[in-house]
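Student: Hi, I have a model open and would like to walk through some of its charged side chains. Can you help me out?

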Amino acid sequence: MAKILYYDASSGISGDMNLAALVGLGVDFSYLCSELEKLNLSGEFRLEQKNVVKNGISATKIDVVLLKSQPHARSYADIKQILASSNLSEFCKKKAVAIFHVIAQAEAKVHAVSIDEVHFHEVGALDSIVDVVGAAICFEYLSENFGISRVVSSKIELGGGIVKCDHGYLNVPAPAVCEILKDVPVSLGRANFEMTTPTGAAILKACADEFVSEINFKIEKVAYGAGEKNAPNFANVLRAMICEVDESQNLVQKMISTNIDDMDAESFAFACEILRENGALDVFSHSIYMKKGRIGFELNVLCKSEDAKKLKELIFTHTTAIGVREIDVVKTELKRKFVSVETKFGDIRLKISGDDEKAKPEFDECKSAALAHKTSIFQVKKEIFKKYDEIRNSKK
């Protein structure tokens, strides 16, 4: 059996609801606070936790209390700099940047500017930065301490009515939410207020491996994260569950392929990079001989079903392809988990697949450690496996 984190987003999702639900599931609140201090923004905010009851449902409430005045807006570059200069783990930095990248792409599209020109207003506020980075910290904690291997979500309720933002009053869903949740199953109209915020939408879009209408699992733990609103007929809470699923269940994904023989290698590599940044689970290619003896590339993109349309559009935009092939493929996965190994180069995570038979260090963390300690990546990996073997032997 494999463990997943399942989101019931039938009452929407916001950044603070997500933090509250994950703390309710078992993420240690003091650990979350101490990790957030690694943002190097000490004295600018604090987290407060309390228990509330929403329409008869006991839920966790998390509030970000600002202690200093904040800039009116932050650019995407500003936020990336805050994350890069932090002492967060490489996993958390990468996950937080991925979430903000989803928002930046949406804002760039809505306002017809380049991604580097995007300035966040509400989403650039410190409480939203804490919500996003906090989400990354929680995902890492759940992976390491509960063995969570995948994140799965239901369709997302958006709500209704009108929302006030920096640009005035807008109909729900706000334009950024619409852009973020393209190709994701959603619903409207359960309540006359905004039920899914851009931050909440981006967290699920960037982190959920799958959006499903039906799934079979065994519930292990349930928690509720409280929202700000009170609805007359239902509890405004985000329900999150740690569940066990039969790991023999096969995952159906899409494989998109095309043959290209009229594109230079550098442009082709750039196109592959764009595909990876926009949701492709894997991008790989090999050289092939085409008609008239021309040498070309076969491009293959593996993705979730809901991302197939977007990735096909990107293939047509960034390559010379004029047609693609698309098939369903069945993927069978070994159970996987992450463990953090303390070494002389710092804490580095190992991905363990199967029954401890296959272990692979996270490359980005090894790279950072090698650069920081002016050593080779081979020495870092050797040290990790040495320490991991010591841990395993001590348990025998």
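Student: Let's start with lysine 205. Is it buried or exposed, and which side chain of opposite charge is nearest?
Tutor: Keep in mind that this is a predicted model. Lysine 205 is buried and has no salt bridge; the nearest side chain of opposite charge is aspartate 307, 5.0 Å away. A salt bridge here needs the nitrogen and the carboxyl oxygen within 4 Å.

Student: What does the side chain of lysine 205 reach, then?
Tutor: One partner is the backbone oxygen of lysine 182, at 3.5 Å. The backbone oxygen of isoleucine 180 lies 2.8 Å from a polar atom of the lysine 205 side chain.

Student: And where does lysine 205 sit, and what does it touch?
Tutor: Lysine 205 is in helix 7, residues 198-207. Leaving out residues up to four places away in sequence, lysine 205 touches Val102, Ile180, Lys182, Val184, Phe211, Asp307 and Lys310.

Student: OK, on to salt bridges. How many are there?
Tutor: The count comes to 22. One of them joins glutamate 220 and lysine 3, with the closest N and O atoms 3.2 Å apart. Glutamate 220 lies in strand 12 and lysine 3 in strand 1, so the pair ties together parts 217 residues apart in sequence.

Student: What about arginine 349, which partners does it have?
Tutor: Arginine 349 meets glutamate 140 in a salt bridge at 3.7 Å, N to O. That pair links distant parts of the chain, with glutamate 140 in helix 5 and arginine 349 in strand 19, 209 residues apart. Arginine 349 also forms a salt bridge with glutamate 362, at 3.6 Å. Here glutamate 362 is in the loop between strand 20 and helix 10, 13 residues from arginine 349.

Student: How accessible are glutamate 140, arginine 349 and glutamate 362?
Tutor: Glutamate 140 counts as buried at 5% relative accessibility, and arginine 349 counts as buried at 2%. Glutamate 362 counts as partly exposed at 23%.

Student: You mentioned strand 19. What sheet is it in?
Tutor: Strand 19 belongs to an open sheet of three strands in the order 18-19-20, with antiparallel pairing. Strand 18 and strand 20 are the edge strands, each pairing on one side only. Neighbouring strands are turned by 30° against each other on average, direction ignored.

Student: How many bridges join strand 19 to strand 20?
Tutor: Four bridges join them. Lysine 351 stands opposite lysine 360 in strand 20.

Student: Last one: which residues are linked in a network of salt bridges?
Tutor: Asp16, Lys61, Asp63 and Glu228 are linked that way.

Technical notes. Residues numbered from 1 in each chain as written. Predicted model: local features only at pLDDT ≥ 70, side-chain atom pairs only at ≥ 80, totals over all residues. Heavy atoms only, no water. Helix = DSSP H or I, 4+ residues; strand = E, 2+ residues; numbered from the N terminus. Buried < 20%, exposed > 50% of the residue type's maximum accessible area, 1.4 Å probe, protein only. Lys, Arg positive; Asp, Glu negative; His and termini not counted. Polar contact = N/O pair within 3.5 Å; in protein donor to acceptor, adjacent residues only side chain to side chain. Contact = heavy atoms within 4.5 Å. Pairing = 2+ DSSP bridges. Axes fitted to C-alpha atoms, helices over the stretch in contact; angles between N-to-C directions.
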